[in-house]
Amino acid sequence: MTWLQIRAETEADHAGAAILIGRVFAGHPHSSGTEASIVQGLRAAGALAVALVAEDDAGLAGHVAYSPVTVDGRYIGWAGLGPLAVHPRRQNQGVGAALVAEGLARVRARGARGCVVMGDPAYYGRFGFRVQPGLVYPGPPPDHFLALSFTSDDAQDGLPKGTVAYHAAFSIDAAAIAQRSGSCLCGRIGFTVSAPLQSASACHCRQCRKQSGHVYASANVAKSAVTVVGAPHLRWHQASAKVRRGFCDTCGSWLFWDPLERDWTSISLGAFDTPTGVRLERHIFVSDRGDYYDLADGLPRHPQ
Ligand SMILES: [Zn+2]
């Protein structure tokens, strides 16, 4: 295994962690699509008891969060593990296990009496997590809600009994996500957006068709609300005196249509992790569209 460091997250990791978490969970069958926002919400609420990153020579390789949970509405010193995210380049190499083990040691050192997790019993069993009848969490399959007591007097019959609830940050509605993330195809460039996406449109102009290969779907957002990670890989094509188009120098993903004199930029909708929370509103430059397709989605069409 190549060089890997597990350490507490710092402020400089926040944007990169959101991008990593968004990327790892995007399209995952059990994903709520809200994992990055949950971590952000926990952080904002001061409820991120322990947050660790794994870092290697290519950047952030993983992230794990621990937060307090309640049992029957009372805080009794138990923590919840998750979300846990490992970059695709480092999966199945022990990075997740290293994050879990170090995180458990740290919440325990902070005085926690136990920890719960939602996940695969085969994976978490190695850390001592077990199904504990009586300690329940509504929703997921019961054999995937696991608990680990840190205190010997809690063992067996002494385990707390009741219904576990996670912090309110876990209840965020996918439609209400304030921060969204995305990346290029190869992942060297990631971005977060902390303001609403506006004017989602599909542009049929010749320039956009040439660059995208078909139609360019994008949405606008205030430049001050955009954070880019991996910016050294971002290359700009000066398309005109006032507009530049940004793409990844490695995989070629086209990410930004950037008007230099405006305080907003336009970001490729296809680069966002799902759910994006937006719908296309209109077609633009329809008068310039290609001759090989029809438009039949009923959205408004603008000649320019
Ligand atoms: Zn790339």
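1. Donors are the N, O and S atoms within 2.8 Å of the metal. In this predicted model, the zinc ion has four sulfur donors of this kind: the SG atoms of Cys 184, Cys 186, Cys 248 and Cys 251, at 2.3 to 2.4 Å.

2. The geometry of the zinc site is tetrahedral, because the angles subtended by the four donor atoms run from 105 to 113° and the criterion asks that all angles lie between 85 and 135 degrees.

3. Along the sequence, the donor residues of the zinc ion follow the spacing C-x1-C-x61-C-x2-C.

4. Two of the donor residues may be described by their accessibility. Cys 248 has a relative accessible area of 2% and is therefore buried, since buried means under 20%. Cys 251, at 26% relative accessibility, counts as partly exposed.

5. The protein chain is divided into domain 1, residues 5-171, and domain 2, residues 179-288. Between the C-alpha centres of domain 1 and domain 2 the distance is 33 Å. Eleven residues from domain 1 and 15 residues from domain 2 take part in the contact.

6. About 920 Å² is buried between domain 1 and domain 2, with 57% of this area on carbon and sulfur atoms. On the side of domain 1, the residues that lose the most area to domain 2 are Ile 19, Arg 23 and Gln 40, which together account for 48% of what that side buries.

7. As to specific interactions, the count of salt bridges between domain 1 and domain 2 is zero. Two residue pairs are in polar contact between domain 1 and domain 2, both at pLDDT 80 or more.

Definitions and conventions:
Residues numbered from 1 in each chain as written. Predicted model: local features only at pLDDT ≥ 70, side-chain atom pairs only at ≥ 80, totals over all residues. Heavy atoms only, no water. Donors = N, O, S within 2.8 Å, 3.2 Å for Na, K, Ca; no water. Tetrahedral: all angles 85-135°; square planar, octahedral: opposite > 155°, others 65-115°. Buried < 20%, exposed > 50% of the residue type's maximum accessible area, 1.4 Å probe, protein only. Domains from an automatic or database assignment. Contact = heavy atoms within 4.5 Å. Buried area = accessible area lost by both parts, 1.4 Å probe. Salt bridge = Lys/Arg side-chain N within 4 Å of Asp/Glu carboxyl O. Polar contact = N/O pair within 3.5 Å; in protein donor to acceptor, adjacent residues only side chain to side chain.
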